[in-house]
Amino acid sequence: MNYATTALVLSTAVVTDAAGLGDGLWRTFGHQTALPLTTKEALADRWVAVTGCEPDLGILYAQEKSGPSEKHPLGLRFTSSGKIAGVQATVFGSNRQVGDAAQMNLIERGYWKPTANSTKTWHMDISFRGSEDMCSQNSRSEELLGDRVVINQDTIKQEIPLTVKDAVSQNWTPGSCMASMGWHHFYDLKTAPAQSFKEDQILPIVPMYNPPDSTGVLNAFFFTSPFSQPGSGTRYLLNGAADWESPALIEKAMCLNWCDESCKFETSSWATMHIYLSSAWETLTCPHGSGPVGRSCEL
């Protein structure tokens, strides 16, 4: 089902609704799947409300009655008035290489929140609208998606830059550009704007901008965890069913997101989940892009 509004898309055009984030919502690189933008569309597509309206975050909808799961870790947030309000990702488990899927430094800094009544389970909320709109029946927000991207608006309230200009001014580190995604940027919680390439120092939301120059605006972002998630296994990749990209990225593939030959990690795999805010992904290309993902460092 395609929930995006109709828009004219050019090769590297930025597609947004008036004064808002974008013209639709899609998940997962490689089999981009349109997501519902209203509670009416969500119910028609068999999403289920699993919470009441939570201040700052809205109502959580999941793909299973029990809530976010290993198979379907992506949740959607809606306002009481029925508008898309944000997304949620859940990570599970631990491994011998790097420990928990949500590492202690990132938990202590408030990025990953322990999930109630669960062990080795954490989640992160990304909000697209202000707290005042979440539980109001008369939302003042008119944008299709919203006007911000905020990590855990109920706690740390960290905003993701909406433009390349803002990202640079806030010491985010530019990486590579890839077709359909845009120009990657990263933030190291200890050494920004330099990169330490330590799993527990990378801010676990990676924004991508389009066009890939100083005028770029946010096109997409991805959640990341430093080892393969249950939902990134090939057994979940059936007719585009997986929320996490499948398979998980090996170290070399993850390092392609940067343009830095010193990139090296302790972990051997990364789970990633892309969320697209604009239909520009359908035709977005990078200057001098090459290879299977149209990657370029010549910007």
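This short talk describes the salt bridges of one predicted model, followed by the surroundings of A192.

Colleagues, a word on conventions. Residues are numbered from 1 along each chain as its sequence is written, and side-chain values use heavy atoms, with hydrogens and water left out. Because the model is predicted, local features need pLDDT of at least 70 and side-chain atom pairs count only at pLDDT 80 or more, whereas totals for chains, interfaces and linings use all residues.

I begin with the charged pairs. Side chains of opposite charge can pair when their charged atoms come close. Here, a salt bridge is a side-chain nitrogen of Lys or Arg within 4 Å of a carboxyl oxygen of Asp or Glu. The structure holds seven salt bridges, and I shall discuss three.

In one of them, E54 pairs with R77, the closest N and O atoms being 2.8 Å apart. E54 lies in strand β3 (residues 48-54) and R77 in strand β5 (residues 74-78), so this salt bridge ties together parts that are 23 residues apart in sequence. Strands, I should add, are DSSP runs of E with at least two residues, numbered from the N terminus. For accessibility, buried means under 20% relative accessible area, exposed over 50%, and partly exposed in between, with a 1.4 Å probe and protein chains only. R77 is buried, because its relative accessibility is 3%, while E54, at 28%, counts as partly exposed.

Next, D100 forms a salt bridge with K120, and their closest N and O atoms are 2.7 Å apart. D100 belongs to strand β8 (residues 99-100) and K120 to the loop between β9 (113-114) and β10 (121-127), so the pair ties together parts 20 residues apart in sequence. K120 has 42% relative accessibility and is therefore partly exposed.

The third pair is D154 with K113, at 3.2 Å between the closest N and O atoms. This pair links distant parts of the chain, 41 residues apart: D154 is in the loop between β11 (150-151) and β12 (158-159), and K113 is in strand β9. D154 is partly exposed at 29%, and K113 is buried at 13%.

How are E54, R77, K113, D125 and D154 linked? They are joined in a network of salt bridges.

Finally, I turn to A192, in the loop between β14 (182-186) and β15 (205-210). With 23% relative accessibility, A192 counts as partly exposed. Leaving aside neighbours within four places in sequence, A192 is in contact (heavy atoms within 4.5 Å) with N171 and Y187. A192 and N171 are 21 residues apart in sequence, and their C-alpha atoms are 5.9 Å apart in space.

Conventions:
Helices (H or I, at least four residues) and strands (E, at least two) are DSSP runs, numbered from the N terminus.
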